[in-house]
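Subject: Structure for you to look through

Dear colleague,

I am handing over the structure we spoke about, and I would be glad if you opened it before reading on. My notes come after it.

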Amino acid sequence: MNIITPLLQLIGSLGILLYGMKLMSNGIQKSAGEKLQRALSVLTGNRFVALLTGLVVTMVIQSSGATTVMVVTFVNAGLMTLTQSVGVIFGANIGTTITAWIVAIFGFNFKISAFAIPVFGIGYFCTILIKKSGYKNLGEAIMGFGLLFLGLSGLSDVFTPEQLGWLFNIQGSGFLAILVGFIIGVFVTALLHSSSAFSAIVITMAYNGLISWELAAAMTLGSNIGSTIDALLAAASANADGKRSAIIHLMFNVFGTVLALIFFHPFLNLVVLLTPGHANSNIAIRISMLHTVFKVLSTVIFLPMQPFLVKLSQKIIKDDKHGKSNTYKLEFTELIAKDSVTTHIIQAEKAIADMTDVVSDMFDKIQIGVTQRNGDFIEKYREECVLAEDYVDQMHEQITHFLIKCESLQLTEKQLNHISGMIQIVDELEDMSDSCYATIMLVIRSIEKKMSFKSEDMERLLPYLELVRQFLQFIRRNINKPLAKEKLELAAELEDGIDAFRKDLKKVARKRLEGGADVKAELLYIDLVRRIENIGDNCFSISETLVENK
């Protein structure tokens, strides 16, 4: 029992620590992380802005793994370039050191168990007594904060020479000891999926004298490589650039660690020199300083080498096969779901924007067909439009399936409404593509059957088409934004204008029929007018959905 009891306490304390970190990260992400995560998807090309954004996001959500997984996802979705991702990855690596500082400063200066339980209680009552979802999420983060220190208190009690000295008591500082510590750091961090949790363990063991300063440093350096596991797993199904961003994350940590190991003792001397109290400093503070100095120095060295890292990653990961694929795929990655609902939502929004572009391009073909109406149009665009229609059908199926999977995640009411709205929008876009395709086929049939229309009759269609095109552009500009009521009024004006045009055009066509015009041609003309109006109806339905999701 003297052996089993400490081991069980170790497992329990570690579980509480990891769950506390997860709860704290999730709560912060739900309350404040969404805006920061969205900031990642609209970054500029400035590497320093990217670095600062990655640093702030990671400090807030307390997980460099979550940040780098988001980066891989955004690069894969085309929301972020490979070059932009480098700065964010570097910033995330610096931001992750905040947890070590929290543990070092708050965990060993006073009895943490004395306030861990009250903090957890405050957080719990925030979640059940305060109705606002933002405060509930903050309460969840506070609960996680309390559990983190409760777990840390348990680890501190069990990581002592009396309890686990027989298992963990490595004081060596030679090459072999450093190598073993480094390997332990790599594999344990990869197993835990958290360098922050492993840092807390290392700090606790070192503080209680179970491992030497040199061994703690080697373990900390190893954890930097183990922390890349989440990004590498997320990149497994990504495109070439998505894989490259994960490789750059790995290279940053590997290259930096190799340099630190080559100059191991001078590097430790620098850390000691920078730590208040120097050799007599609190070892917990010293390990946190080592973690930060390593990350900052690595960033200073490698940030100017950003173009070299990008080119190296391009040599390692070959380009995807050239040529536009006629198959659409939107992957739902469970690993990302574990860390961030918002990442999935942003990914779906990008897919819907792409779908809108494909439908808009199909509509442009209608305008070309109405103005040209010759065999060249059929030869050039028939097959292209068939492929586009099939592609939109695939997008409809894949995006809808993706969004239904998103509904199974832990969502806020606002997020659930947003996803429901997106499903409706995807349905409308697919219906719009059907109308575009049917209209193009009517134009092609009129050319093949050599139907004759007066030039003024076809010219009357042009302002009608232009009005619908404006409506489509309006939708594209606002597709993923909550639509203000005044903008809905503008949408209603466009819809009313399209309806008025349709009535006038149909009235003129009927008069031509009564005057003895070609029946087949006039019926086709009326069908053209009706199909184009359906596209306007779809646009208005999307506008109403965007207002409802505000």
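What follows is a short account of the salt bridges found in it.

Please keep in mind that this is a predicted model. As general background, side chains of opposite charge can pair when their charged atoms come close. The structure holds 11 salt bridges in total, and three of the pairs are described below.

You could begin with helix H13, which covers residues 240-262 and holds both Arg244 and Asp241, three residues apart and so separated by about one helical turn. Their side chains form a salt bridge with an N to O distance of 2.8 Å. Arg244 is buried, since its relative accessible area of 3% falls under the 20% cut-off, whereas Asp241 is partly exposed at 29%. This pair also belongs to a network of salt bridges that links Asp241, Arg244 and Asp319.

A similar spacing appears in helix H23 (residues 519-548), where Asp527 and Arg530 lie three residues apart, about one turn of the helix. The salt bridge between their side chains spans 2.5 Å, N to O. Asp527 counts as buried with 19% relative accessibility, while Arg530, with a relative accessible area of 35%, is partly exposed.

The remaining pair joins two helices: the side chains of Arg476 and Asp357 meet in a salt bridge of 2.6 Å, N to O. Because Arg476 lies in helix H21 (residues 455-478) and Asp357 in helix H18 (residues 341-372), the pair ties together parts that are 119 residues apart in sequence. Arg476 is partly exposed at 29% relative accessibility, and Asp357 is partly exposed at 37%.

With best wishes

Definitions and conventions
Residues are numbered from 1 along each chain as its sequence is written. This is a predicted model: local features need pLDDT of at least 70, side-chain atom pairs count only at pLDDT 80 or more; totals for chains, interfaces and linings use all residues. Side-chain values use heavy atoms; hydrogens and water are left out. A salt bridge is a side-chain nitrogen of Lys or Arg within 4 Å of a carboxyl oxygen of Asp or Glu. Helices (H or I, at least four residues) and strands (E, at least two) are DSSP runs, numbered from the N terminus. Buried means under 20% relative accessible area, exposed over 50%, partly exposed in between (1.4 Å probe, protein chains only).
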